[in-house]
Amino acid sequence: MRINKLLMAALLAASSLTVPATMAAAKDMIVIDFVGEPNSLDPHVQWNPDSFNVYRNIFDNLLTRDDAGEIAPQIATEWKYLSDTEIEFKIRDDVTFHDGEKLTAEDVVFSVKRITDPEFASPQLGQFNSIIDAVAKDDTTIVLTTDGPYPVLFAQLTKLSIVPKHVVEAVSKDEFNANPVGSGPYKFETWNRGVEVILARNDDYWGQKGVFEKASFRAVPDAATRVANLQSGVSDIVTNIDSDLAAQVESSGVGKVLSARTERVAYFAMNVQKAPLDNEQVRLAIAHALDKEGIVEGILGGFEAPVSQLVSPAAFGYVEGIEAPGYDPEKAKEIIAELGDAAKAPFSILTAPVYDQRVVQAIQQMLADVGFNVEIEMTDMGNWMQRMQSGPESIPQTAFSRWSCGCQDADGIMYPILHSSSGWANVKDEELDATLDAARSTIDSDKRLDLYRKVSEIVASKNYVIPLYQASVIYGAAEGIEFTPLANENIFINRIGWTGE
């Protein structure tokens, strides 16, 4: 049997996981302010950042990524291909869930089958539905079978959280969400809805233990309030701050700014099944109306970088040389004049508080400047998520969005947004579907890159979506925090140190 080449790389990568400062130096509780509270703490039910960054500390995943972005072991310690469609994983034998029960291969199999069950309807289904079977050979060995060669499998498995079969089968979905049991470095303690989730350190954790006894994840919707909390010492890390607030932190001398360009891409989404966005010329006019450079430099302070494709340079599948329609407001006006009433139908931009409203307002103004009749529709993040993933009939006319799959692979963003089988998609393009299917079914990386180039060229020519920029993640942090922002935006509490300053 031939050993998977990723095995050696993963084992080497595991050695580069960040080791935080000594436990003795840490404060008792780290407080992190997010925009909103989690939609769910059941890891198979939701995957937005405010949910993921909480439950990711409660649960272990089959695989993980180190701080350099390389795939590394977690519950799986090693793996090998038995064939192009069968992969065997060895499972750690020293892991217990927070209720004291041992984690076995059966729990891994159960987790795989739960998240891939169409009736369970996980929003992550499109990331895992190439897995058609999971079998436990013994307590520490599983075999996953895919419906063909699936090159994204290992990247996606860094997001597969392992849940305890004996708990999930004994309670309702709502009960498990209200009291999640995992095997991760932190245990669920309390959830004060609308206020905070508190986790307690798992002192029996098999891996790197956290330096903080407890962690509080708080919902603080207003960004200025989050920064005020940081500067008053109430919070230790605040997320989702913009360039203006980052400048405020830097100039104040209280706290520090930590940032990294990510795999996340910001884009202007359009439902191409609904008027007036079903008109290709209308979409071209929109593409010419949007000044990506102006947004990045004039609003976002240069933290971000413009992109012409729906893939970030931090992800596999990004290719050089993709040409998309450039900023040309005069051309946009000409197209609108030629279209007449067809371009004058009003439409709205759906947004949510988590997004930078300066950008949304700038987009609205740029579109209005060339003659479009457009307004902004604000909603909460839960409603935004529901409407955006409910199929072409319900997906709004347009929306501002930023997408990250957490897998750092083009499949994780292109497939759900563009493939007609996805609830997030409204595009119906047979050539696009076929190309996306081919890209996720060959393990030849060169062929995959060629296919993703073709996808990006189709999207750029049809303007099915308008990629805007590679997003940065910007945090404010207390001086004593030791934290490396990651391209996948994960926040691992057991990788955060404290210097005591």
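**Architecture, cores and local geometry of the predicted model**

The buried residues of helix α3 are covered by elements that include β5 (86-91), α4 (125-128), β6 (131-138), β7 (141-146), α6 (165-168) and α7 (173-178). In the predicted model described here, α3 spans residues 105-115, and 9 of its 11 residues are buried. The buried positions of this helix are A105, D107, V108, V109, F110, S111, V112, R114 and I115. Charged residues are thus among the covered positions of α3, including D107 and R114.

At the level of the whole protein, 17 helices and 19 strands are present. The radius of gyration is 23 Å, close to the 23 Å that the globule rule gives for 501 residues, so the protein is as compact as a globular protein of that length. The C-alpha trace extends over about 70 × 55 × 40 Å along the principal axes. Of the 501 residues, 58% count as buried. Among contacts with a separation of 6 or more, 70% are made between residues 24 or more positions apart. The accessible surface amounts to about 19,000 Å², and carbon and sulfur atoms contribute 48% of this area. The protein carries 42 positive and 73 negative charges, and the mean positions of these two sets lie 2 Å apart.

Nonpolar side chains in soluble globular proteins tend to be buried together. In this model the largest nonpolar core comprises 139 residues, and those with the most contacts inside it are F89, I286 and L367. For I286, the contacts beyond four places in sequence are with F268, M270, L277, F347, L367, F372 and I466. A second core, separate from the largest one, consists of 10 residues, among them A223, V227, L230 and V249.

Helix α8 covers residues 223-231 and contains Q231. This glutamine has a relative accessible area of 26% and is therefore partly exposed, since the partly exposed class lies between 20% and 50%. When neighbours within four places in sequence are left aside, Q231 is in contact with Q248, V249, S252 and V254. One of these partners, V249, is also a member of the second core. Q231 and P123, 108 residues apart in sequence, are separated by 37 Å from C-alpha to C-alpha.

Several backbone features depart from the usual geometry. Most residues other than glycine have a negative phi, and most peptide bonds are trans. The peptide bond from A275 to P276 is cis, with omega near -5 degrees; P276 is placed in the loop between β12 (256-270) and α10 (280-289). A positive phi of about 60 degrees is found at A121, which is not a glycine. A121 belongs to the loop between α3 and α4 and, at 52% relative accessibility, counts as exposed. Q408 likewise has a positive phi, near 55 degrees, and is found in the loop between β16 (398-403) and α15 (411-418). In contrast to A121, which is exposed, Q408 is buried at 13% relative accessibility.

Q408 is also one of the residues touched by N488, together with R65, E263, S404 and G406, with residues up to four places away in sequence not counted. N488 lies in the loop between β18 (481-482) and β19 (497-498). The relative accessible area of N488 is 7%, so this asparagine is buried. A contact therefore joins the loop residues N488 and Q408 through heavy atoms within 4.5 Å.

Further positions illustrate the relation between sequence separation and distance in space. A68, in the loop between β2 (63-65) and β3 (71-73), is exposed at 61% relative accessibility. Although A68 and T484 are 416 residues apart in sequence, their C-alpha atoms are 9.9 Å apart. S445 lies in helix α17, which runs over residues 445-462, and counts as partly exposed at 38% relative accessibility. The C-alpha atoms of S445 and K159, which are 286 residues apart along the chain, are separated by 21 Å.

Notes. Residues are numbered from 1 along each chain as its sequence is written. This is a predicted model: local features need pLDDT of at least 70, side-chain atom pairs count only at pLDDT 80 or more; totals for chains, interfaces and linings use all residues. Side-chain values use heavy atoms; hydrogens and water are left out. Helices (H or I, at least four residues) and strands (E, at least two) are DSSP runs, numbered from the N terminus. The radius of gyration is taken over C-alpha atoms; the globule rule is 2.2 Å times the number of residues to the power 0.38. Buried means under 20% relative accessible area, exposed over 50%, partly exposed in between (1.4 Å probe, protein chains only). Accessible areas come from the Shrake-Rupley method with a 1.4 Å probe; for residues, only the protein chains shown count as cover. Lys and Arg count as positive and Asp and Glu as negative; His and the chain ends are not counted. The place of a charge is taken as NZ of Lys, CZ of Arg, CG of Asp or CD of Glu. A nonpolar core is a set of buried Ala, Val, Leu, Ile, Met, Phe, Trp, Tyr and Cys residues joined through side-chain atoms within 4.5 Å.
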